[in-house]
Amino acid sequence: MFERLLNQTNAPVLERMLKFTAARQKLLAENVVNVSTPGYRQKDLSLEKFQGMLRERVEQRDHNGLGSTSFDDLEAQLENPQRGMLFHDGANRSMEQLMTDQAKNALMHNFVIELLRKQFQTMEMALKDRPV
Amino acid sequence: MIDGINNLASGAGIGGSPASKPAAPTTGGTNFSDMLSKSIDEVSRLQQDASQAVDNITTGKSEDVDGVMTAVEKSDLAFKTLLAIRAKLMDAYEEIKGMPI
Amino acid sequence: MFDVLDMGASGLTAQRTRLDTIAENLANVYTTHNAKGEKEPFRRRFVVLGPGRAGDPQKSGVHVQKIGLDPSPPIPKYEPGNPDADANGFVNYPNIDMSIEYINALEASRAYEANVTMMEVSKSMINSSLRLIA
């Protein structure tokens, strides 16, 4: 019953996005930490691909009605992007790209948090029958 | 009483009619229940718009962050207004109920 | 959830060790004797980093695998008046190139800064997540 109540909004989409940004932040931090490790290959999750997967699900949900589609099984694929230059030790690193990516990722995370908060707040208002 | 609230509502621009209309007695205008259901529909529509905008930005369809924020704030404000009107109405009802006849 | 901070800390430790090693190299750039007082020029040290946390390679992060000795030969300098000079008047000085050490130091301190920034951002993300319940 409560699951259904929550699935009436787009909270599941936001939740998935939150999981994604948290996982990506960890990988980006790992890349920065290993910037001087010889032979280290960077790991990343592609935001564009994940958004593509989300979009498909959202379209499916819009077609079948709210609460009909589960988002829980969406997982982003781990990638080893080849960006920056390949050093002699086999490591590829681009600090600038990493820093930009983590800034974007954090912004997305905070944005999604704000939206989710707003959504919960509205639900709470409806329940309490007065503005919170 | 209901007519009075109706005037107030149309004066405040709730129910879709613009605020330019003077608060004249609206005999024969829209009745209260119509107005109420209309504003509920409107709040619901605003919420759907906001939800659509949020979906679009999380799935990467649009990059319009300000647009999403405005839509979300709008729906929030509309919902709060509806709640406030409802609270006022309930107050009025309680008051009338407690009136000695 | 807080693992990302531990990971950042492992990066800070690794880069700090790198800087320490560089400082040691620079300090010993003219050292021609070893700790026992025998005539042996100081050998350049360098840090080898490996992926995975120290003591737990399964955890993501970085650790110092070993501190290696540079096998390249010492740099001979002609100083016939020096008591350490050999029969031909050459003194063997450590195989340390100051400019390389400077560049490495710069890189290490930049990597250290990048790690700090990363930790700050991760912290702010966790903080905003906490705001969900506040």
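Let's start where two of the chains meet: 24 residues of chain C are in contact with 20 residues of chain A. Keep in mind as you look around that this is a predicted model. Which elements of chain C give two or more residues to the side that touches chain A? They are α1 (3-27), β1 (45-51) and α2 (98-130) of chain C. Of these, α2(C) gives the most, with 11 residues. If you sort that side of chain C by class, you get 11 nonpolar, 12 polar and 1 charged residues.

Now step back and take in chain C as a whole. Its secondary structure comes to 2 helices and 4 strands. Walk along the sequence and you'll meet them in the pattern α-β-β-β-β-α. Why is chain C described as more spread out than a compact globule? Its radius of gyration is 21 Å, while the globule rule gives 14 Å for 134 residues; the value for chain C is well over that, so the chain counts as more spread out than a compact globule. You can picture this with a box: along the principal axes, the C-alpha atoms of chain C fill roughly 80 × 25 × 20 Å. As for burial, 23% of the 134 residues of chain C count as buried. And here's something about how the chain folds back on itself: take the contacts in chain C between residues at least 6 apart in sequence, and 58% of them join residues at least 24 apart.

Chain A is next. Here you'll find 4 helices and 4 strands, and reading along the sequence gives α-α-β-α-β-β-β-α. The radius of gyration of chain A is 19 Å, well over the 14 Å from the globule rule for 132 residues, so chain A too is more spread out than a compact globule. Its C-alpha atoms fill a box of roughly 65 × 30 × 20 Å along the principal axes. In chain A, 34% of the 132 residues are buried. Look at contacts in chain A with a separation of 6 or more, and 66% of them come from residues 24 or more positions apart.

Chain A has another partner to show you. How many residues of chain A are in contact with chain B? There are 19, and they meet 14 residues of chain B. On chain A's side, the elements giving two or more residues are α2 (11-33), α3 (47-64) and α4 (95-128). The biggest giver is α4(A), with 6 residues. By class, this side of chain A has 10 nonpolar, 4 polar and 5 charged residues.

Finally, let's look inside. The largest nonpolar core has 46 residues. Those with the most contacts inside this core are A:Leu14, A:Ala29, A:Val32, A:Val112 and A:Leu115. Which elements give two or more residues to the core? From chain A there are α2, α3 and α4; from chain B, α2 (32-58) and α3 (65-97); and from chain C, α1, β1 and α2. The largest share, 10 residues, comes from α2(A). For a close-up, find A:Leu115. Leaving aside its neighbours within four places in sequence, A:Leu115 is in contact with A:Leu14, B:Val54 and B:Val72. So ends the tour, with a residue of chain A that is in contact with residues of chain B.

Notes
Residues numbered from 1 in each chain as written. Chains lettered and ligands numbered in written order. Predicted model: local features only at pLDDT ≥ 70, side-chain atom pairs only at ≥ 80, totals over all residues. Contact = placed C-beta atoms within 7 Å. Nonpolar A, V, L, I, M, F, W, Y, C, P; charged D, E, K, R; others polar. Rg over C-alpha atoms; globule rule 2.2 N^0.38 Å. Buried ≥ 20, exposed ≤ 12 C-beta atoms within 10 Å, placed from the backbone. Core = buried A, V, L, I, M, F, W, Y, C linked by C-beta atoms within 7 Å.
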